[in-house]
Amino acid sequence: MVRKLRGYVLAGVFVFLAAAGFFWWAFLIPAGRVFQLYDRDRGQVVLSVPIRPGDRLSLEIEHSFEHIPWYEYYTVTEDYQFNLDAIAVAGYGAGIPAEMDVPTRIEDGLVWMEEINSVFPRFSWITSDKYMKTFTLNEQEIFDFRSLPDASRIRGEIIKKRGYLSDV
């Protein structure tokens, strides 16, 4: 009888440890970082992708007044922020920085301003279904802002993912 009871206790301990280990793996263990776009009005994540230091992000927009292409290029820093490396714009006009003290060149009809090195902890946008276009990660399109309702309030940030089965 004691031997049988000991077997049940050991089996129970094993089941408890297995369940605790699974819970830890699924919901608590650090599982890396993800870049998220979050719709603040609807309270939902519209994009979540793994991200690492050194990854490159780019944003394509159309200037709302000048109607010319505008590109922004970022690198993810070691402390998981966004370093604005460069912008490329098809000219100068309203709202386009014309007097930045950075290397500037003209190539393929675009004015390139490089080595900007301005760091952002997160992005906050009010989107345009006409003028905000695509967002890429390492030259792969990951999001098209035109898929959102006009004037969506979007936050882009890098967060720690906890557990391999959790949302955050």
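Ser58 has Tyr73 as its bridge partner in strand S4. I begin with this pair, in what is a predicted model, and shall work outwards from it.

The pairing to which it belongs joins S3 and S4, the latter covering residues 69–76, in the antiparallel sense over seven bridges. The two strands form a hairpin, with six residues between them. In the turn, His67 has a positive phi of about 55 degrees.

Let me turn to the other partner of S3. Strand S9 also runs antiparallel to S3, and four bridges join the two. Within this pairing, Ile61 stands opposite Met132 of S9.

Which residue of S9 has a side chain joined to that of Ser58 by a polar contact? The residue is Thr136, and the polar contact is 2.3 Å. Ser58 therefore appears twice in this account: its bridge partner in S4 is Tyr73, and its side chain meets that of Thr136, a residue of strand S9.

Is Thr136 buried or exposed? Thr136 is buried, because its relative accessible area is 15% and the cut-off for that class is under 20%. Leaving aside residues up to four places away in sequence, Thr136 touches Arg56, Leu57 and Ser58, and also Glu141 and Ile142.

Thr134 is likewise placed in strand S9. Its relative accessibility is 9%, and it too counts as buried. With the same exclusion of residues up to four places away in sequence, the contacts of Thr134 include Ser58, Leu59 and Glu60. Beyond these, Thr134 touches Glu141, Phe143, Asp144, Phe145 and Arg146. Ser58 and Glu141 are thus among the contacts of Thr134 and are also touched by Thr136. As a general point, side chains in a regular strand alternate between the two faces of the sheet.

I now come to charged side chains. How many salt bridges does a search of the whole structure find? The search finds 10. One of them is formed by Glu62 and Lys133, with the closest N and O atoms 3.4 Å apart. Glu62 lies in strand S3, residues 56–62, and Lys133 in strand S9, residues 132–137, so this salt bridge ties together parts that are 71 residues apart in sequence. Hence S3 and S9 are joined by four bridges and, in addition, by the side chains of Glu62 and Lys133.

The two members of the pair fall into separate accessibility classes. Glu62, at a relative accessible area of 21%, is partly exposed, whereas Lys133, at 16%, counts as buried. The boundary lies at 20%, and the two values stand on either side of it.

The last item is a network of salt bridges that links Arg105, Glu107 and Glu114. The side chains of Arg105 and Glu107 meet at 2.4 Å, N to O. Arg105 also forms a salt bridge with Glu114, where the closest N and O atoms are 2.9 Å apart. Arg105 therefore takes part in both of these salt bridges, with a cut-off of 4 Å for the distance.

Where do these three residues stand in accessibility? Arg105 is partly exposed at 29%. Glu107 counts as partly exposed at 38%, and Glu114 is partly exposed at 24%.

Technical notes: Residues are numbered from 1 along each chain as its sequence is written. This is a predicted model: local features need pLDDT of at least 70, side-chain atom pairs count only at pLDDT 80 or more; totals for chains, interfaces and linings use all residues. Side-chain values use heavy atoms; hydrogens and water are left out. Buried means under 20% relative accessible area, exposed over 50%, partly exposed in between (1.4 Å probe, protein chains only). A polar contact is a pair of N or O atoms within 3.5 Å; within protein, one must be able to donate a hydrogen and the other to accept it, and residues adjacent in sequence count only if both atoms are side-chain atoms. Contact means heavy atoms within 4.5 Å. Two strands pair if DSSP finds at least two bridges between them.
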